[in-house]
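Here are some notes for a colleague who is looking through the coordinates, set out as numbered points. They deal with helix packing, aromatic pairs and a few backbone features.

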Amino acid sequence: MNTDRKEAGPQEAGVVIVGGGPVGLGLAIELGQRGIRCTVVERYPQPQPIPKGQNLTQRTMEHFHFWGAEQELRAARTIPPEYGIGGLTAYGTLLGPYHYDWLQRDLVKPFYYTANERLPQYATEAVLRARAAQLPSVETLYGWNAESVAQDADGVTVTLHERKGEGRRTLRAAYAVGCDGARSGVREQAGMTQTRTDHDRVMVLLVFKSRQLHQLLQRYPGKSYYNVLQPELQGYWKFLGRVDLGSTWFFHAPVPAGTTADNFDFKHFLNEAVGADFEVEFEHIGFWDLRFAIADSYRKGRVFIAGDAAHSHPPYGGYGVNSGLEDARNLGWKLAATLQGWGGDALLDSYDAERRPVFASTIHDFIAKAIADDRQFLEAHDPARDKAGFEAAWQARAQGAVGEVHAFEPHYEGSPVVWPGAGTGRACSARGAHKFEARAGHHIAPATLADGRNVFEAFGPGFTLLALGADAAGVQAFRDAAAALGLPLQVVQDPAPGEAARYAARWVLVRPDQFVAWAAADAAITPDSARRVLALAQGRAPESPLFPNDTGDA
């Protein structure tokens, strides 16, 4: 990084990204790999050693695969692969008689190209920093603060100051993205309001060392995080997790208002959650307010927000960092398309139209719902009052936990850039169902092509058309339409689809982020119909009606 050059001119970058955590760096890599010049401004010279954001879903690991950093990330994990990274929910104490497997994301592995992963956020950030440094189109300014963000009709101006120095800089770009956390200065300066739901709970984050705790929990092999339900917490959790295997841990839990690091017995608090006395060496004691917040818009002109700047919630279930990285992937290709001349404002608007409803659903259908469901369960069932009834309800919860993993399937049905488009009565949501069929608005599942490649190995950087046993004339119609629209399209022809036949579609148009833009089983492809499908996918409104008898389904 060269911080001695002269103040930047108007052509310095296509995008300035404020915030160099996982979301900001992921966005920079997405843009950089597409040849878009961008600058990342991050206040901390080094990743902060707080073990948050550890659970990375299979979908998130697909991002790392396409960002060229999957193997490096897996090599950075702090828990040996052979141990396992599963979760567990317990009643009363961790060492009590009631527990079941929790958040078994391995159950949906067949629907994704990569396996899930677990490691502290600071380790993830280190991998992303290293990958970003390999891209010549990405500039990183670590140790700098964004002081102001201002936009006009032609671009965005971001003024910076050195966090521990006297340096000042001005950056000029076409767009700016705030990835600067829940207290986002970019969001506030752009005038984006938030809707908050305050659960009025003070939470503590403890980071500590204890080899004795590792010995106590060896009865649960392969488990790396533990959720404890206690009646007095009214549905809120005591949440314990491994940072490494054998010594370092983190712990989240609600504490009374007014609690400080000096007026509360945190060792007893931990011992009570586990159900045994063990030694503890604290490394960090911090506090945060439990609340949900979502921006009322993710875009204001040339300024966007992503990650915690756009949405925040309790760290339950690892939804935060994974949602933020999906923001980066969604926004990244759309910004690149616009800067490269084949996208536009309607495509950029679809970022908000797709991602904001998905996170609202994540809050209401999963996180807040889990708190409410736990509260109702604890009020209704008590093993001391009715042991048989409690145990029956506990077993039902265990089965329900399996269903929730399958139900968390973020999708973009009803998106204005997914066929058949907005106004169909469909809606983007985090709640869905994992299926192998290729469905418009849904993530595409992996499948092996006749030539032995997985479809994920065949995807191009732009749109990919899977022509599965389709006719040559239809393929040519799509090629011609893409050329006329300036849309980058790679065609993958599989004349005798085997495993890919489970897509139940002859045609599948896949977006740069591996979501299906359109799928059809037997629609006759004409030059006009190919143009309308591609025009909608790039944010242009088709001028003519839908295909005859085509609902947009496979």
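1. In this predicted model, helices α8 and α9 are roughly antiparallel to each other, because their axes cross at roughly 170° and angles over 145 degrees count as such. The axes of α8, which spans residues 319-339, and α9, which spans residues 345-380, come within 9 Å. On the α8 side the contact involves, among others, Y319, S323, W333 and L335, while α9 contributes residues including L347, Y351, F359 and F366. Sorted by character, the residues of this contact divide into 11 nonpolar, 5 polar and 5 charged.

2. Aromatic pairs deserve a separate look, since a search of the whole structure finds 37 of them. One of these joins Y319 to F366, with ring centres 6.2 Å apart and planes at 45°, so the pair is tilted. Y319 belongs to helix α8 and F366 to helix α9, and the pair thus links distant parts of the chain, 47 residues apart. Y319 counts as buried at 11% relative accessibility, and F366 is buried as well, with a relative accessible area of 4%.

3. What sits over the ring of F366? The charged end of R431 does, at 4.7 Å from the ring centre. A second arrangement of this kind involves R129, whose charged end sits over the ring of Y142, 3.8 Å from its centre.

4. Another aromatic pair is formed by F456 and F459, and it is edge-to-face, with 65° between the planes and 5.1 Å from centre to centre. F456 is buried at a relative accessible area of 2%, and F459, with a value of 12%, is buried because the cut-off is under 20%. Beyond single pairs, ring pairs also link Y91, Y98, Y100, F377, F390 and W394 into a cluster.

5. Is A132 buried or exposed? Its relative accessible area is 0%, so A132 is buried. A132 lies in helix α4, which covers residues 121-133, and, leaving aside residues up to four places away in sequence, A132 touches L25, I29 and V138. The C-alpha atoms of A132 and Q33 are separated by 9.3 Å, although these two residues are 99 residues apart along the chain.

6. Among the backbone features to check is the peptide bond from W419 to P420, which is cis, with omega near 10°. P420 is placed in the loop between β19 (408-411) and β20 (429-431).

7. Two glutamines have positive phi values, and their surroundings can be set side by side. Q234, with phi near 55°, lies in the loop between β12 (223-229) and β13 (238-242). Q514, with a positive phi of about 70° although it is not a glycine, lies in the loop between β23 (507-510) and β24 (516-520). With a relative accessible area of 42%, Q234 is partly exposed, whereas Q514 is buried, with a relative accessible area of 2%.

Terms used. Residues numbered from 1 in each chain as written. Predicted model: local features only at pLDDT ≥ 70, side-chain atom pairs only at ≥ 80, totals over all residues. Heavy atoms only, no water. Axes fitted to C-alpha atoms, helices over the stretch in contact; angles between N-to-C directions. Helix = DSSP H or I, 4+ residues; strand = E, 2+ residues; numbered from the N terminus. Parallel < 35°, antiparallel > 145°, perpendicular 65-115°, else oblique. Contact = heavy atoms within 4.5 Å. Nonpolar A, V, L, I, M, F, W, Y, C, P; charged D, E, K, R; others polar. Phe/Tyr/Trp six-rings, centres within 6.5 Å; stacked < 30°, edge-to-face > 60°. Buried < 20%, exposed > 50% of the residue type's maximum accessible area, 1.4 Å probe, protein only. Lys NZ or Arg CZ within 6 Å of the ring centre and 35° of its normal.
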